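Thanks, I'll keep this short. The topic today is a ligand site and the pocket around it.

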Amino acid sequence: MSNIEQTLSIIKPDAVERNLENEIKEIFKNNGFSIVKEKKIQIEKSEAEIFYKVHETKPFFNELCAYLSSGPIVVMVLEKDNAVLRNRELMGATNPKDAEEGTIRKKYGISIDKNSVHGSDSVDNAKIEINFFFKD
Ligand code: CMP
């Protein structure tokens with residue numbers, strides 16, 4: 001049975017800065033994802049703090065929000081069967097050092113902060129994150 005889902009993907013400042021936007025989009029498309037919405041934006045630190053609210057008690061929260069708002073990002077809604085899990089598999093582990101061969105973070109990630117892409121970690125969070133960036 002098919003289970004078409006949507007998930008939020010962000011190409012982070014380190015990847016946009018290195019002109020990897022099109023290469024990363026091709027990887028998503030080649031892996032069967034449809035990019036149903038997309039925009040390139042730069043957000044304020046205060047907006048990043050709302051987006052990453054689940055991490056507000058973590059020691060890296062301040063740095064994380066400063067980083068996401070430090071330059072242009074590409075936010076996308078990706079659609080595919082089991083999109084949330086499939087996107088997490090394709091991105092690889094949060095820390096590029098632990099990411100498997102063939103994953104986006106293994107290929108492009110620089111560090112745990114500059115790990116090139118973000119993806120929603122659950123179907124519920126995907127809805128919240130999509131709504132955050134693409135309020136209709
Ligand atoms: P992301 O998937 O965007 O979700 C939260 C981000 O916090 C994560 O990717 C990392 O880039 C960043 N981060 C920084 N330090 C840590 C850490 N120690 N553990 C998990 N995530 C971290």
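A polar contact here is a pair of N or O atoms within 3.5 Å. With that cut-off in mind, an N or O atom in the side chain of H118 is 2.9 Å from an oxygen atom of the ligand. Keep in mind that this is a predicted model.

Two other side chains belong in this list. R105 has a polar side-chain atom 3.2 Å from a ligand oxygen. For N115, an N or O atom of the side chain lies 3.3 Å from an oxygen atom of the ligand. As for cover, the ligand taken alone exposes 450 Å², and the protein buries 77% of that.

Next, the shell. Besides R105, N115 and H118, the residues around the ligand include K12, Y52, H55, F60, L64, T94, I112 and D113. By class, the shell comprises 4 nonpolar, 4 polar and 3 charged residues.

Now the pocket. Where does the ligand sit? It occupies the largest pocket, whose volume is about 610 Å³. The lining of that pocket counts 25 residues, and those closest to the centre are Y52, V54, H55, L64 and H118. Sorted by class, the lining has 11 nonpolar, 6 polar and 8 charged residues.

Which element gives the most to this lining? That is α7, with 4 residues. The elements that each supply at least two lining residues are α3 (45-51), α4 (61-68), α5 (83-91), β4 (117-119) and α7 (123-133).

To close, back to H118: this residue is among those closest to the pocket centre, and its side chain has an N or O atom 2.9 Å from a ligand oxygen.

Note on methods: Residues numbered from 1 in each chain as written. Predicted model: local features only at pLDDT ≥ 70, side-chain atom pairs only at ≥ 80, totals over all residues. Heavy atoms only, no water. Near = heavy atom within 4 Å. Polar contact = N/O pair within 3.5 Å; in protein donor to acceptor, adjacent residues only side chain to side chain. Areas by Shrake-Rupley, 256 points an atom, 1.4 Å probe, with all protein chains shown as cover. 1 Å grid on protein atoms, 1.4 Å probe; cavity = no way out; pocket = protein on both sides within 12 Å on 5 of 7 lines; lining within 4 Å. Sits in = over half its atoms within 2 Å of the grid points. Nonpolar A, V, L, I, M, F, W, Y, C, P; charged D, E, K, R; others polar. Points joined across faces, edges and corners; volume = space filled by probe spheres on them.
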